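This report works through a single protein chain, moving from its aromatic contacts to its sheet, its nonpolar cores and the confidence of the model. The sequence and coordinates are shown first.

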Amino acid sequence: MKINWYLIKSGSLLKQPTPKGWPTEDILKLSESWFDIEEANPEELKSFLEPLYLHPVMINRCLDSASIPGVISYDQTILLEFPVAINLETTDSSYLTIILKSPVLVTIRTGPIPAIKELIDDLTSEKIPNLSHLVQILYLILDSLTDLSVQAEIDLRDQTLNLAKTLANAPGNVKPVDL
């Protein structure tokens, strides 16, 4: 499991070294922290999530390999889980699970999500000033992924309209692969 750890400090997002033997301290006592997790296996992920004292339904959602989009809110914790389409050519979606339980934000990626990497690069290079709360990071993640989704919908609409025009004007030019 790859854990990228970031702290919000003095308006900036600072990358932290992941300690060996993680987790070794009470992560709920840390300052506002973002843990971005990649390539997690269920046992490691369960071990990491235990100190957050999440509701068992939330833990099961994080560990279940059958990712299902949804939102769960319990006490002071929210969990969001949804597919992230990288492009129109792929049939496999990466899934992103987001857990916000102050002072910790956890993102769990089941596949590559370049938009998250780009956002991290922007935040750690201070292209986005005055970062003071984890909710801002959550908003920026959702905004970035919404932009990608809207662009994918526009691209798909354009492809569909172009295909419809070709079918109407020159149906012989449409190949089976175009359908």
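## Aromatic contacts and the fold around them

F35 and F48 are both buried. The model in which they are found is a predicted one, and its chain comprises 4 helices and 7 strands, which follow one another from the N terminus in the order β-β-β-α-α-β-β-β-β-α-α. Across the chain of 179 residues, buried residues make up 36%.

The structure holds 3 aromatic pairs, two of which are set out in the table below.

| Pair | Geometry | Centre to centre | Angle between planes |
|---|---|---|---|
| W5 and F35 | stacked | 5.7 Å | 20° |
| F35 and F48 | edge-to-face | 5.3 Å | 65° |

Because W5 belongs to strand β1 (residues 2-9) while F35 belongs to strand β3 (residues 33-38), the stacked pair ties together parts of the chain that are 30 residues apart in sequence. Both of these residues, W5 and F35, are buried. The edge-to-face pair likewise links distant parts of the chain, with F35 in strand β3 and F48 in helix α1 (residues 42-49), 13 residues apart. W5, F35 and F48 together form one aromatic cluster.

The strands β1 and β3 that carry W5 and F35 are also part of an open sheet of 7 strands, which has mixed pairing and the order β2-β1-β3-β7-β6-β5-β4. Since β2 (12-16) and β4 (70-74) stand at the edges and have a single partner strand each, one side of each is left without a neighbour in the sheet. Direction ignored, neighbouring strands of this sheet are turned by 15° against each other on average. The edge strand β2 runs antiparallel to β1, and the two are joined by 5 bridges; within this pairing, I8 has L13 in β2 as its bridge partner. Helix α3 lies across β1, β2, β3, β6 and β7, and its direction is at about 150° to that of β3.

Which residues have the most contacts inside the largest nonpolar core? In this core of 24 residues, they are W34, L96, I137 and I141. The elements β1, β5 (77-84), β6 (94-101), α3 (114-124) and α4 each supply at least two residues of the core, and α4 gives the most, with 6 residues. I137 shows how such contacts reach along the chain: once its neighbours within four places in sequence are left aside, I137 is in contact with I8, L13, W34, L105, L123 and L131. I8 and L13, the bridge partners named above, are thus both among the contacts of I137. A second, separate core has 20 residues, including I37, L54, C62 and L79. As general background, nonpolar side chains tend to be buried together in soluble globular proteins.

Sequence separation can also be considered for the chain as a whole: among contacts with a separation of 6 or more, 54% are between residues 24 or more positions apart.

As to confidence, the mean pLDDT of the chain is 85, and 90% of its residues reach 70 or more. Confidence is highest in strand β7 (residues 104-109), at a mean of 95, and lowest in helix α4 (residues 134-169), at 85. Helix α4, with this lowest mean confidence, is also the element that gives the most residues to the largest nonpolar core.

Conventions: Residues numbered from 1 in each chain as written. Predicted model: local features only at pLDDT ≥ 70, side-chain atom pairs only at ≥ 80, totals over all residues. Heavy atoms only, no water. pLDDT = per-residue confidence, 0-100. Phe/Tyr/Trp six-rings, centres within 6.5 Å; stacked < 30°, edge-to-face > 60°. Buried < 20%, exposed > 50% of the residue type's maximum accessible area, 1.4 Å probe, protein only. Core = buried A, V, L, I, M, F, W, Y, C linked by side-chain atoms within 4.5 Å. Contact = heavy atoms within 4.5 Å. Pairing = 2+ DSSP bridges. Axes fitted to C-alpha atoms, helices over the stretch in contact; angles between N-to-C directions.
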